[in-house]
Amino acid sequence: MAEKNDFTLKIITPDRMFYEGPVKMVEFDTVEGEVGILPGHIPMTLIIRPGVLTITEEAETKTAALHAGFAEVLQDQVTILAEIIEWPGEIDENRAKEAKERAEGRLHAEEAGTDTARAEIALRRALTRIEVLK
């Protein structure tokens with residue numbers, strides 16, 4: 001049960017309940033910029049952009065790599081419907097570094113037909129994974 005100075009955070013993916021519990025604050029990136037949500041925040045919906053999710057609990061702070069999804073913010077609850085989200089222990093650092101190199105290669109290639117938007121998203125996801133591991 002969330003205290004008065006907490007709110008409930010739920011993070012749901014297509015295959016699991018990633019997180020559920022009382023938190024002091026949650027921070028993540030949206031298409032409009034970085035947001036920090038505290039108890040009593042005005043209600044809104046947000047489109048998530050790949051970036052680091054920071055969860056501030058009573059006794060500790062946790063981070064995860066949040067790649068895509070939507071968030072519903074209410075005064076006493078935040079629900080994130082995430083396409084992909086990973087705890088640091090779930091990330092393969094070598095694979096993330098290889099993905100970064102591939103995305104950078106696609107962005108720097110002057111080949112016709114390179115999908116720049118997809119390469120930029122892939123690069124941002126790889127960089128997010130690497131940042132969460134630090």
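**Exercise 1. State which residues lie nearest the centre of the largest pocket, and describe its lining.**

Solution. Step 1: the lining of the largest pocket consists of 14 residues, and Arg95, Ala96, Ala99, Arg102 and Arg129 lie nearest its centre. A pocket is an open set of points on a 1 Å grid over the protein atoms alone, where a 1.4 Å probe fits, with protein on both sides within 12 Å along at least five of seven lines; lining residues have an atom within 4 Å of a point. The model is predicted: local features need pLDDT of at least 70 and side-chain atom pairs count only at pLDDT 80 or more, whereas totals for chains, interfaces and linings use all residues. Residues are numbered from 1 along each chain as its sequence is written, and side-chain values use heavy atoms, with hydrogens and water left out.

Step 2: the volume of the largest pocket is about 270 Å³, a volume being the space filled by probe spheres set on the points, which are joined across faces, edges and corners.

Step 3: α1 (93-108) and α2 (116-133) each supply at least two residues of this lining, and α1 gives the most, with six residues. Helices (H or I, at least four residues) and strands (E, at least two) are DSSP runs, numbered from the N terminus.

Step 4: by type, the lining divides into six nonpolar, no polar and eight charged residues. Here Ala, Val, Leu, Ile, Met, Phe, Trp, Tyr, Cys and Pro count as nonpolar, Asp, Glu, Lys and Arg as charged, and the others, Gly among them, as polar.

**Exercise 2. Compare the span of α1 with its expected value, and determine where its buried residues lie.**

Solution. Step 1: the expected span is 1.5 Å times one less than the number of residues. For the 16 residues of α1 this gives 22 Å; the end C-alpha atoms are 23 Å apart, which agrees.

Step 2: Ala96, Ala99 and Ala103 of α1 are buried. Seen down the axis of α1, the buried residues fall within an arc of 60 degrees, so they line one face of the helix; the arc is that of the directions from the helix axis to the C-beta atoms.

Step 3: Asn94, Glu101 and His108, on the other side of α1, are exposed. Buried means under 20% relative accessible area, exposed over 50%, and partly exposed in between (1.4 Å probe, protein chains only).

Step 4: α2 is included in what covers the buried residues of α1.

**Exercise 3. Identify the buried residues of α2 and the elements against which they pack.**

Solution. Step 1: Ala119, Leu123, Ala126, Thr128, Ile130 and Val132 are the buried residues of α2.

Step 2: these residues pack against β6 (51-56), β7 and α1.

**Exercise 4. Decide whether Ala65 is buried or exposed, and name its contacts.**

Solution. Step 1: Ala65 belongs to strand β7 (residues 61-73). Ala65 counts as buried because its relative accessibility is 0%.

Step 2: contact means heavy atoms within 4.5 Å. Apart from neighbours within four places in sequence, Ala65 is in contact with Gly51, Ile84, Ile85, Glu86, Ile91, Thr128, Arg129 and Val132. Arg129 also appears among the residues nearest the centre of the largest pocket.

**Exercise 5. Describe the arrangement of the whole protein.**

Solution. Step 1: the protein has two helices and eight strands, in the order β-β-β-β-β-β-β-β-α-α along the sequence.

Step 2: of its 134 residues, 39% count as buried.
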